[in-house]
Amino acid sequence: MGLENIYTELIAEESRNPENRHHLASPTVTLKGRNPSCGDEITLELEVENGVVKDASFTGVGCAISQASTSMMIDLIKGESVDEAKRLSEMFLGMIKGDITDDDELEDLGDAIALKNISNLPARVKCAVLSWHTLDNALEEKKE
């Protein structure tokens, strides 16, 4: 099985993963993200306390890429500081834009590195970055 097949399988599997798809009991910030060009829509819920993303979850609908990207993002940011969550978001967006291409540098993204080649599919880029932009906006909102 080629690497591309493994990545495709990982995205398909992660998009159906129910682990991060639920409402939090007491989110401190909730923000909707929407991709009007294709209809992907998520609601990101974060529980941020003392500068740490204690818990995160999402609900919503969309293609496998948007759902997988959101679930992978949540796995990465749970338990991390807000600053680390922002750093990971910047790294992910840099990867998708093609600004960061070194796999060693991208290692911190874990499974989300499977979305690296989405940059070659311009129509799918918005699907992959929806949750990450929503995260950035949610963290900014929480700061205010």
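This tour moves from the whole chain to its sheet and then to its salt bridges, with a selection to make at each stop.

**The whole chain**

Begin with everything displayed, and keep in mind that this is a predicted model. Colour the chain by secondary structure, and five helices and three strands should appear, which follow one another along the sequence in the pattern α-β-β-β-α-α-α-α. The radius of gyration is 14 Å, close to the 15 Å that the globule rule gives for 144 residues, so the chain is as compact as a globular protein of that length. If you turn the C-alpha trace along its principal axes, the spans are about 40 × 30 × 25 Å. Of the 144 residues, 47% count as buried, and the accessible surface comes to about 7,400 Å², with 48% of that area belonging to carbon and sulfur atoms. Among contacts with a separation of 6 or more, 57% are between residues 24 or more positions apart.

**The sheet**

Next select residues 29–35, which are β1, then residues 40–49, which are β2, and finally residues 52–61, which are β3. Together these three strands form an open sheet in the order β1-β2-β3, and their pairing is antiparallel. The edge strands are β1 and β3, each of which pairs on one side only. Neighbouring strands of the sheet are turned by 20 degrees against each other on average, with direction ignored.

Stay with β2 and β3, whose antiparallel pairing runs over nine bridges. To follow this pairing residue by residue, show Leu-46 together with its bridge partner in β3, Ala-56, and then show Glu-41, which stands opposite Val-61 in β3. The two strands form a hairpin with two residues between them, and Asn-50 in the turn has a positive phi of about 55 degrees.

**The helix on the sheet**

Now add residues 64–77, which make up helix α2. Which strands does helix α2 touch as it packs on the sheet? The helix touches β2 and β3, and its direction makes about 170 degrees with that of β3.

**The salt bridges**

Side chains of opposite charge can pair when their charged atoms come close. A search of the whole structure finds six salt bridges, and the stops below visit some of them.

Select Glu-140 and Lys-86 first, whose side chains meet in a salt bridge at 3.7 Å, N to O. Glu-140 lies in helix α5 (residues 122–143) and Lys-86 in helix α3 (residues 82–97), so this pair ties together parts that are 54 residues apart in sequence. Glu-140 counts as partly exposed because its relative accessibility is 35%.

Move along helix α3 to Arg-87, which forms a salt bridge with Asp-108, the closest N and O atoms being 2.6 Å apart. Because Arg-87 lies in helix α3 and Asp-108 in the loop between α4 (103–106) and α5, the pair ties together parts that are 21 residues apart in sequence. Arg-87 is partly exposed, with a relative accessible area of 31%, and Asp-108, at 40%, also counts as partly exposed. Add Glu-84 to the selection to see a network of salt bridges that links Glu-84, Arg-87 and Asp-108.

For the last stop, select Lys-116 and Asp-103, whose side chains meet in a salt bridge at 2.6 Å, N to O. This pair links distant parts of the chain, 13 residues apart, with Lys-116 in the loop between α4 and α5 and Asp-103 in helix α4. Asp-103 is partly exposed, with a relative accessible area of 44%.

Notes. Residues are numbered from 1 along each chain as its sequence is written. This is a predicted model: local features need pLDDT of at least 70, side-chain atom pairs count only at pLDDT 80 or more; totals for chains, interfaces and linings use all residues. Side-chain values use heavy atoms; hydrogens and water are left out. Two strands pair if DSSP finds at least two bridges between them. Helices (H or I, at least four residues) and strands (E, at least two) are DSSP runs, numbered from the N terminus. Axes are lines fitted to C-alpha atoms, for helices over the stretch in contact, and angles run from 0 to 180 degrees between N-to-C directions. Contact means heavy atoms within 4.5 Å. A salt bridge is a side-chain nitrogen of Lys or Arg within 4 Å of a carboxyl oxygen of Asp or Glu. Buried means under 20% relative accessible area, exposed over 50%, partly exposed in between (1.4 Å probe, protein chains only). The radius of gyration is taken over C-alpha atoms; the globule rule is 2.2 Å times the number of residues to the power 0.38. Accessible areas come from the Shrake-Rupley method with a 1.4 Å probe; for residues, only the protein chains shown count as cover.
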